[in-house]
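Student: I would like a close look at one part of this model. Could you walk me through it slowly, together with what surrounds it?

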Amino acid sequence: MDPTSQEQRLIALLDRIAARAGQAGRHADSEIALRELYDLTSSRLYGVALRVVVNREWAEDVLQEAYLNIWRIAGNYRAALSPPLAWMGVIVRSRALDFLRRRASERADAGVDLDGALAETVAGDSPDPLDASQASEQAWALHECLRQLEARQRELVSLAYLRDLSHGELAERLRLPLGTVKTWIRRGLEQLRGCMSQYA
Amino acid sequence: MNLLDHPDLADRLAAAYALGTLRGGARRRFEAQARHSPALRAAALAWQERFAAMTELQQAQAPSANVWKRIENLIAAEQDSPVPPVAVVNGGWWRALNVWRTAALAGGLATIAAVGAGFYLSDALTVRQTQLAQLDRARAGLAQENARLVSRLQATPEIRYVAVLSGEGSAASMLVTFDPKHNTLTLKRIGAFQEGPDKSLQLWALPASGAPRSLGVLGTEAVVKLPAAENQIGAAPALAVSLEPKGGVPSERGPTGPVLFKGPVLPTT
C-alpha cells in the first residue's frame, strides 16, 4: 500500500473514532475503528514507547494510556495538520515522558536503571529500519538525513528528542564528557539542517 | 540582537529549540522573540514537525496481547460509567489504580526482603531468590489484573430495575434506573418539562397496597441521583412524580399536587 493511501486510511479511522461524540449509536463503530487503528499502528508506537522508557512493562502501560488518549482526543486530529502516525507518535512520546517524570518523582533513583540500557543503545546503534509503506514523506526525509550522520551523532540527536534530555543529562547518562556531547549534537544538527533544507 | 537579521542563526536556534537542547536563558530569549515574530514561530514549528517524524522511525515491536484487552476494558468501563469522560481523563480511578498497584508492588518487595533474609544462610540462596522473584512477578501480575477488574466492576453500575415515567398522552418524560450495587436511583429528564421556580418534583414509590412513599425531591438538573434501598424499589410496582411546593412534602402526607409522570417498575432480569 502506498504511503498516501495508508495515511488516508489512518485518518479515516481517527474520524470514525471521533464520530461517536454526541451520537450514541456510533459507539460500536468507534470501537471497531480503534481496534483497526491499534492493529495498524500498535507495533510502531510500542517501539516509540519502548525507546523512551526502555522497560517493556512500562512501555505497555504507556501504550495503553496513549491509545486511551487517542480514543478521547481523536476529534482533535483534523486540526493538527500532521501526518497521522507522527501525531500519534508524539502522543506516545508525551505519555512516555510523563510516565518517566511520575516515576522519577515517586523514586529518587529512577534514573539508575535507565543508564545501562541507554549506554547499550548508543553502543549497539544500527540504522533505523523504515517501513516505506507506512512512513510519511517527512519521516522519509528525516530518515534519509539521519542516515547521513555518524552513528553516535544520530543516536545523540534521537535520544535528545525522544527522551527530552539536555546536553548535561545526556553527558551524565551516557558517561560522556559534556563538551563531546555538545559538539556531536551541534555538528549533527548542522548536518541535519543542511540535509533537511533539500526537502521542502 | 534581532534574530531575523540573522536567518541562519535563527534557523539553528529553532532546530535546537525543537530538539529540546536549547535550554535555560537561551531558550527563554528565543521564546520571547518568537512571540513577536511569526517567521521565527514558523521556523520552530517546522522543526517540531520534522522531529515529530522521529516517532515514525523507531523499530516496530509487537506489544503483548493483553495491552489491547486492557484498553478494551477501560473503554468499556468508561462507556458504562455515569461519570463523564472528562473526569476520567483527569485521573479518577486510573490514578487510584496506580496507587493500588504501587502498594501491591511494595507489599511484594517487603515479602521478598523478609523471606530472602531467611534463606540467606542456605546455599540454595540464588535459586530460591530467583523462584521467589518469579512467583512475585506472577503474583503482582495477578494483583494488577485483579485491581483492574475490581475498578472496572466498581465503575460499572448494575441496573436491576428500570422505569419509564410518562404523563397522560405525552411522550416519555423521565427514565429511572436503579443500581443496587450503589443503592442509587438515577433519573433522567427526557421531555422538556421544567417546573416553576416555586415548585419541586417529588418521586414516589406506589406500593401494591398502602400509601405512596416518598423516594426524594428532585433537583432541577437533567440527571438526578437519589439514594434508595433495593426493597423500596423492588416492592413497588410503579413510580410516580408529582408537582409539589418548593422542597417537596413529607412522605406521610403523600402527594399533594398533581401526578405528572407515572410508570411501572420493570426488573431487568
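Tutor: Happily; here is a walk around helix 2 of chain A, then outward to the rest of the model.

This is a predicted model, in which local features need pLDDT of at least 70 and side-chain atom pairs count only at pLDDT 80 or more, while totals for chains, interfaces and linings use all residues. Residues are numbered from 1 along each chain as its sequence is written, and chains are lettered from A and ligands numbered from 1 in the order in which they are written.

Let us set the scene. Chain A has 9 helices and 0 strands, where helices (H or I, at least four residues) and strands (E, at least two) are DSSP runs numbered from the N terminus. Chain B, for its part, has 8 helices and 8 strands. Of the 200 residues of chain A, 41% are buried; in chain B, buried residues are 23% of 269. A residue is buried if 20 or more other C-beta atoms lie within 10 Å of its own, exposed if 12 or fewer, and partly exposed in between, with C-beta atoms placed from the backbone.

Now to helix 2 itself. V52(A) is found in helix 2 of chain A. V52(A) counts as buried because 25 other C-beta atoms lie within 10 Å. Leaving aside neighbours within four places in sequence, V52(A) is in contact with R93(A), A96(A), L97(A), L162(A) and R163(A); contact means that the C-beta atoms, placed from the backbone, lie within 7 Å. V52(A) and F99(A) are 47 residues apart in sequence, with 9.7 Å between their C-alpha atoms.

A49(A) deserves a stop too. With neighbours within four places in sequence set aside, A49(A) is in contact with A59(A), V62(A), L63(A), V92(A) and A96(A). A49(A) and A14(B) touch the most other members of the largest nonpolar core, which has 79 residues. Such a core is a set of buried Ala, Val, Leu, Ile, Met, Phe, Trp, Tyr and Cys residues joined through C-beta atoms within 7 Å. Helix 2 of chain A gives the most to this core, with 11 residues. Another core, of 21 residues, lies apart from it and includes L165(B) and M174(B). In soluble globular proteins, nonpolar side chains tend to be buried together.

Next, the partner chain. In all, 46 residues of chain A are in contact with 33 residues of chain B. Helix 2 (27–53), helix 3 (56–73), helix 4 (84–106), helix 6 (137–147), helix 7 (151–162) and helix 9 (178–196) of chain A each supply at least two residues of the side that touches chain B. Helix 2 of chain A gives the most to that side, with 11 residues. By class, the side of chain A that touches chain B has 24 nonpolar, 13 polar and 9 charged residues. Here Ala, Val, Leu, Ile, Met, Phe, Trp, Tyr, Cys and Pro count as nonpolar, Asp, Glu, Lys and Arg as charged, and the others, Gly among them, as polar.

Finally, contacts along the sequence. In chain A, residues 24 or more positions apart account for 66% of the contacts with a separation of 6 or more. In chain B, among contacts between residues at least 6 apart in sequence, 60% join residues at least 24 apart.

Technical notes: Contact = placed C-beta atoms within 7 Å.
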